Each structure stands twice: as structure tokens, then as C-alpha cells.
Amino acid sequence: MDIKGKIEASIEVKKLILNDDAFVGNIAKAAEICIEALRNGGRIWFCGNGGSAADAQHLAAELSGRFYKERRPLPAEALHVNASFMTAVANDFGFDQTYARMLRGSARKGDVLVAISTSGNSVNVLNAIGEAKLLEMPVIGMTGETGGRMENLCKVLLNVPSQDTPRIQEAHIMIGHIICEQIENTLFP
């Protein structure tokens, strides 16, 4: 496919989301869950692997740094950013336990987990979801079309209508930016 074809494919995925009222409503629900948690002193945790880890870190930075407005930082963190912790836990307990163990040590009821996996089947992300459920934390899932094993594990599932990883990730960052903007506009009118 040529360059214009790739751009058109990205636009088409976003049009599918735009024209799906239920999906748009789920983006609003995800933002509301985060807003409620932040109002009540909670923290937003993000996790993913590869490009999804980059998206997790990017979105955490939008909240903990700034998005559009000069405002106080919001408590948000990507679970993979502590390299010493990640490598120690991966070595001692296995990579599939890294995110769950970080949540077990640092998260609490009232926090939110945003779990990002294009397939919905990443074992370390699934284990983080399991730990979040034990902590009674709501989970917002961002996946591809099928939702994978995450499909029935999330309070809100944002399953992008595509099976093409780059198109899914492009939509994930768009959705994440919308959620960040909703949070910022609500908490800092």
C-alpha cells in the first residue's frame, strides 16, 4: 500500500470510531472513571508492552506533566518506567508478574488501571488486570477489534475496530488524548 493508502486506512479506523455512538460513549465513561478517581485522591496507572508501553508512558506524562493547561500535576504513572524494578522482578518472578507486582506494592482501591494491549492477550497486562480487580480498582482496557482475553475483564473496553497493530495504536493515542483533555477540562475548568 502506498503512503496515501496508509493515511486513508488510519482515517477509516477513526471514522469507524466516530460513527459508533456506543464507542464514543465508552470513551466518555473512561474519562468519567478517571475523573472520579482523581477527585477522590486516586492515581491512574497505565501499562502495555512495546508501542503500547510507549503510549502508556506518553499518556501518563500528559496527566502528570501538562496537556493543554498550566495546572497542578495529576497522579499518573506508567508501570514500566522503573527499569531496576522491572528487571529485578522479571528476573526473580518472571516478566509476566512485573506489572501485577508493581500494583500490589503501590496501588490501592480508588486508583484506576488503564491496560493497553493491541491483542488483548498480553500475559503481564492480564495479570495486572487480575491484581487491579483484587484491589477493587476499575480497569479501562484499550485493545484491538476482538478485545482478546481482556474483553470481559474491563469495566470499560475500548476495542478499536481494526486488526492492524499500527492503526490500533494510532487510535489508542487519539482516544488517550481525548480522555486526557476531558479530565483536564473537567478538573481545571
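These notebook entries record what I looked up in a predicted model of one protein chain.

**Entry 1. Overall fold**

I began with the secondary structure and counted seven helices and five strands in the protein chain. Reading along the sequence, I noted the order α-α-β-α-β-α-α-β-α-β-β-α.

I then turned to the dimensions. The C-alpha trace spans about 45 × 40 × 30 Å along its principal axes. I compared the radius of gyration with that of a compact globule: for 189 residues the expected value is near 16 Å, and the chain has 16 Å, so the two agree.

**Entry 2. Contacts, surface and charge**

I looked up how the contacts are distributed along the sequence. Among contacts with a separation of 6 or more, 69% join residues 24 or more positions apart. Of the 189 residues, 47% are buried.

The accessible surface of the chain comes to about 9,100 Å², and carbon and sulfur atoms account for 51% of that area. For the charges, I found 19 positive and 22 negative, with mean positions 5 Å apart.

**Entry 3. The nonpolar cores**

In soluble globular proteins, nonpolar side chains tend to be buried together. I therefore asked which residues touch the most other members of the largest nonpolar core. They are Ile44, Phe46, Leu158, Ile175, Ile179 and Ile183, in a core of 38 residues. Helix H2, residues 21-39, gives the most to this core, with nine residues.

I followed Ile183 further. Setting aside neighbours within four places in sequence, I found Ile183 in contact with Ala31, Cys34, Ile35, Leu38, Leu63 and Leu74.

A second core, separate from the other, has 23 residues, including Trp45, Cys47, Leu79 and Leu113.

**Entry 4. Leu103 and Glu131**

I next examined Leu103, which is found in helix H5, residues 98-106. Its relative accessible area is 0%, so Leu103 is buried. Beyond residues up to four places away in sequence, Leu103 touches Trp45, Leu79, Leu113, Ala128, Glu131, Ala132, Leu135 and Met137. I also recorded one distance: Leu103 and Gly148 are 45 residues apart in sequence and 22 Å apart in space, C-alpha to C-alpha.

Glu131, one of the residues that Leu103 touches, is found in helix H6, residues 123-134. Is Glu131 buried or exposed? Its relative accessibility is 9%, and the limit for a buried residue is 20%, so Glu131 counts as buried. Not counting residues up to four places away in sequence, Glu131 touches Ala100, Leu103 and Arg104.

**Entry 5. Arg167**

I made the same kind of check on Arg167, which lies in helix H7, residues 165-187. Arg167 has 10% relative accessibility and therefore counts as buried. Leaving aside neighbours within four places in sequence, I found Arg167 in contact with Lys6, Ala9, Ser10, Val13 and Ser162.

**Entry 6. Glu136**

My last entry concerns backbone geometry. Most residues other than glycine have a negative phi. Which sign does the phi of Glu136 have? It is positive, about 60 degrees, although Glu136 is not a glycine.

I located Glu136 in the loop between H6 and strand E4, residues 139-143. With a relative accessible area of 51%, Glu136 is exposed, because the cut-off for that class is over 50%.

Key:
Residues numbered from 1 in each chain as written. Predicted model: local features only at pLDDT ≥ 70, side-chain atom pairs only at ≥ 80, totals over all residues. Heavy atoms only, no water. Helix = DSSP H or I, 4+ residues; strand = E, 2+ residues; numbered from the N terminus. Rg over C-alpha atoms; globule rule 2.2 N^0.38 Å. Buried < 20%, exposed > 50% of the residue type's maximum accessible area, 1.4 Å probe, protein only. Contact = heavy atoms within 4.5 Å. Areas by Shrake-Rupley, 256 points an atom, 1.4 Å probe, with all protein chains shown as cover. Lys, Arg positive; Asp, Glu negative; His and termini not counted. Charge placed at Lys NZ, Arg CZ, Asp CG, Glu CD. Core = buried A, V, L, I, M, F, W, Y, C linked by side-chain atoms within 4.5 Å.
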